[in-house]
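Thanks for making the time this morning. I would like to walk through one model with you, starting from a single residue and working outwards to the helix packing.

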Amino acid sequence: MAKSSNTVLIILAFFAIYVIWGSTYLLNKIAVTELPAYMLAGIRFTTAGLLIFGICKVSGISISITKRQFRNSTIAGFLFLTFGNGVFVWGLKYVDSSFAALEVASMPLIVLLLMRIVDGKKIQPMSIVGVVLGVIGIYLLVSQKQIVQQDDSLLGMIIIFFCVLGWSTGSLFVSKANLPQSYLVNTAYQMVTAGTTLGIASLILGENWTWPSSWSGPVQWSMGLLIIFGSIVAFSAFNYLLKTVSPEKVATSSYVNPVIALLLGWYILDENITKQSIVAAAVLLTGVYFINTKKKLVMFSRFKGKLKNKSEAIK
């Protein structure tokens, strides 16, 4: 019985990180058509962070952290949420949500290259194949005339690329930084500090703040779903899966999120899906698979083995 319940929880958790995270592109796109980008992100993350703090209190999880952990959480929050998400929402003003999702799918490629540049980590043969496919996929994606010729679309592409770079840098930072042991506490601090920063940025930029009661129905629903499901439920599911199943299975969300975003953008917002976008998506996601897989490149291994045998024979 316990095993059956655990299986159901795992299935529901995968549904959350696949579908809910994939739908956040659509929800952000709906909300940003009416609300200022930084106000939107600021309200979302501050509210979600405070709610998570409440969950921690009710669950008896201590929220006390050291000054160093607070500083590192603030840095991570800036890279992930203030810059990586807040500015990203701004970029959605200029490109389709489906296009943005596909561009974000290049993150494993960027992380891999950063690890090579910053840490000097050797890139495995399978990952090299992934990098090549990733570059081809990105080129196919951004070289479409019907997209590039749209007003400010190039600006949107550049904005989202730097946001992906911010997320990638944040990933490397978090892997080494001293952060709160509780993942919920860590996230709560990241969200509250990032939400506060985004709110201040919104006021400095002169964005017009409005009461939720004045928002349209679709925007109210989008904000509520982003806070409750996108920021709390999906992340809790992610945290649960990391403790329950292998990390590479959790990483499959990188393949599924862009597909969900592509379909939702087409079905609900009537966004155009070109044949080249579909080909680009297939190539790009195949590249992401090669980067994440732990399998070895058989042809390379055989070639390397033959060279070794010939070298030994010469000796």
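Let me begin with a question: is Thr-187 buried or exposed? Before I answer, please keep in mind that this is a predicted model, in which local features need pLDDT of at least 70 and side-chain atom pairs count only at pLDDT 80 or more, while totals for chains, interfaces and linings use all residues. Residues are numbered from 1 along each chain as its sequence is written, and side-chain values use heavy atoms, with hydrogens and water left out.

Thr-187 is buried, at a relative accessible area of 7%, where buried means under 20%, exposed over 50% and partly exposed in between, computed with a 1.4 Å probe on protein chains only. It lies in helix α9, helices being DSSP runs of H or I with at least four residues, and strands runs of E with at least two, numbered from the N terminus. Leaving aside residues up to four places away in sequence, Thr-187 touches Ile-52 and Phe-235, contact meaning heavy atoms within 4.5 Å.

Ile-52 takes us to the partner helix, since it is one of the α2 residues that meet α9, others including Phe-45, Gly-49 and Phe-53. On the α9 side, the residues in this contact include Ala-188, Val-192 and Gly-195. By class, the contact has 16 nonpolar, eight polar and no charged residues; here Ala, Val, Leu, Ile, Met, Phe, Trp, Tyr, Cys and Pro count as nonpolar, Asp, Glu, Lys and Arg as charged, and the others, Gly among them, as polar.

As for geometry, the axes of α2 (residues 37–59) and α9 (residues 183–204) come within 7 Å and cross at roughly 150 degrees. Those axes are lines fitted to C-alpha atoms over the stretch in contact, with angles from 0 to 180 degrees between N-to-C directions. The two helices are therefore roughly antiparallel, a label for angles over 145 degrees, with under 35 roughly parallel, 65 to 115 roughly perpendicular and the rest oblique.

A second pair offers a contrasting case: α5 (residues 107–119) packs on α8 (residues 153–176) at about 55 degrees, with the axes 9 Å apart, which makes α5 oblique to α8. That contact has ten nonpolar, two polar and two charged residues.

Stepping back to the whole protein chain, there are 14 helices and zero strands, and buried residues make up 46% of the 315 residues.
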